[in-house]
Amino acid sequence: MKSPDFDYVKAKNLDDVFASLHTYKDSAQILAGGQSLLAMLNLRMANPQILIDISGIDKLKGIEKSGNTLRIGALTTHNEILNSDLVRLHVPLLSQAVPYVAHLAIRNKGTIGGSLALGDPAAEYPAVALALNASLVIQNAKGERRIKAQDFFISLYKTAVQPEELLVAVEFPIATSNQKFVFMELARRMGDYAMVGLALALTMDGKTIRECAISLMAMDDKPILAPSAMKSLTGQQIQSESILQAQNALEKDLDPPGDLQANAATKKHLARVLLSRALTQAGESHV
Ligand code: FAD
């Protein structure tokens, strides 16, 4: 199918973006890498009056360490993240997740800002942002605000970004030497959207888990944390009993809708399997 008619403007800077957003409000749509939006247009899932192309705004590109934070500009592509030593060193969970994002050609164009702003519950970055308690940096003509990942993802394809706003960056906390991270997902084929995915972040006190964050993708209409499983692991060592207890606790956290990939019971089972595998891997790694 072909896309509906729309106007197009290529923004030279952020002032251009905010001026166009002010004029067209929610009948405008931001175009970043186009890897989701162009398909949505062709499928007639989106019908904007105008596309505001932000791809030429250098200020939105790049990866930068500042204090205890790694800031990644919204226009940074998946492949730039994949190849970044800064990301590998300071946000290893993101490094582990990015190879699962789509395929090489899509990773050349698709951006982290586009993925987070789209808010697909089966996407990798939202789950990573949630597990790491990342801050999303949102800007409008008057200034910028920060919002935690937990408050950013609202429901299916709905985020906290308002019609006259732009997601400009995401800030991840720098990993510390006593943390362990595991990202895993199950998809029918490598590069497909996941049936279930899991991001695990552990802060250790020696062999004991001091803090634990577990987020899951493709289990609800947005990425979710697993508070019961997280609580059951806190203060525990990683052993077969604590893994089993966490798996049982996870049952309380999950009420997935079935989808085209798997029914609810299968998804719950796969989430249990991923949790066990992720904890076992974390237990085998040294901090
Ligand atoms: P665009 O397509 O340009 O925009 C996406 C949406 O976000 C639009 O609504 C747009 O208006 C809005 N937007 C974009 N940037 C901003 C911004 N800075 N501020 C506010 N709003 C903004 N993704 C995964 O995570 N995992 C996968 O496994 C996966 N598989 C894929 C497989 C295929 C075949 C395809 C085509 C895509 C797949 N994707 C997958 C999606 C891909 O990662 C996209 O790159 C990403 O979702 C959107 O990024 P983009 O830069 O292309 O955004």
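A residue counts as buried when its relative accessible area is under 20%. All of the views below show a predicted model.

**View 1. Surroundings of the ligand in the predicted model.** The shell around the ligand holds 29 residues, of which Ile30, Gln35, Leu37, Thr111 and Glu124 come nearest. By residue type, this shell divides into 16 nonpolar, 11 polar and 2 charged residues. Strand β2 (28-31), helix α7 (112-118) and strand β10 (166-173) each supply at least two residues of the shell. The largest share, 4 residues, comes from α7.

**View 2. Polar atoms facing oxygen atoms of the ligand.** A polar backbone atom of isoleucine 30 is 2.5 Å from an oxygen atom of the ligand. For leucine 37, a backbone N or O atom lies 2.7 Å from a ligand oxygen. Histidine 78 takes part through its side chain, where an N or O atom is 3.0 Å from an oxygen atom of the ligand. The ligand taken alone exposes 960 Å², and the protein buries 88% of that area.

**View 3. Helix α12 and its packing partners.** Helix α12 runs over residues 264-284 and has 21 residues. From its first C-alpha to its last, α12 reaches 30 Å, close to the 30 Å expected at 1.5 Å a residue. Asparagine 263 caps the N-terminal end of α12, with a side-chain oxygen 3.3 Å from the backbone nitrogen of alanine 265. The buried residues of the helix are Lys267, Leu270, Ala271, Arg272, Leu274, Leu275, Ala278, Leu279 and Ala282. In an α-helix, residues three or four places apart point the same way, because there are 3.6 residues a turn. The buried residues of α12 pack against three strands, β11 (179-186), β12 (196-205) and β13 (208-217), and against two helices, α10 (227-233) and α11 (240-253).

**View 4. Valine 170 in strand β10.** Valine 170 counts as buried because its relative accessibility is 1%, which is under the 20% limit. Apart from residues up to four places away in sequence, valine 170 touches Leu70, Arg71, Ile72, Ile112, Leu116, Ala134, Ser135 and Leu136. Serine 215, the subject of the next view, is 45 residues away along the chain, and the two C-alpha atoms are separated by 17 Å.

**View 5. Serine 215 in strand β13.** Serine 215 has a relative accessible area of 0% and is therefore buried. A polar atom of the serine 215 side chain lies 2.6 Å from the backbone oxygen of alanine 127. Alanine 127 is also among the contacts of serine 215 outside its neighbours within four places in sequence; the others are Leu130, Ala131, Gly197, Leu198, Ala199, Ile224 and Leu225.

**View 6. Two alanines with a positive phi.** Most residues other than glycine have a negative phi. Alanine 102, although not a glycine, has a positive phi of about 50°. Alanine 102 is placed in the loop between α5 (92-97) and α6 (104-109), and it counts as buried at 18% relative accessibility. Alanine 218 likewise is not a glycine, and its phi is positive, at about 65°. The loop between β13 and β14 (224-225) contains alanine 218. With a relative accessible area of 9%, alanine 218 is buried.

Methods: Residues numbered from 1 in each chain as written. Predicted model: local features only at pLDDT ≥ 70, side-chain atom pairs only at ≥ 80, totals over all residues. Heavy atoms only, no water. Near = heavy atom within 4 Å. Polar contact = N/O pair within 3.5 Å; in protein donor to acceptor, adjacent residues only side chain to side chain. Areas by Shrake-Rupley, 256 points an atom, 1.4 Å probe, with all protein chains shown as cover. Nonpolar A, V, L, I, M, F, W, Y, C, P; charged D, E, K, R; others polar. Expected span 1.5 Å × (residues − 1). Buried < 20%, exposed > 50% of the residue type's maximum accessible area, 1.4 Å probe, protein only. Contact = heavy atoms within 4.5 Å.
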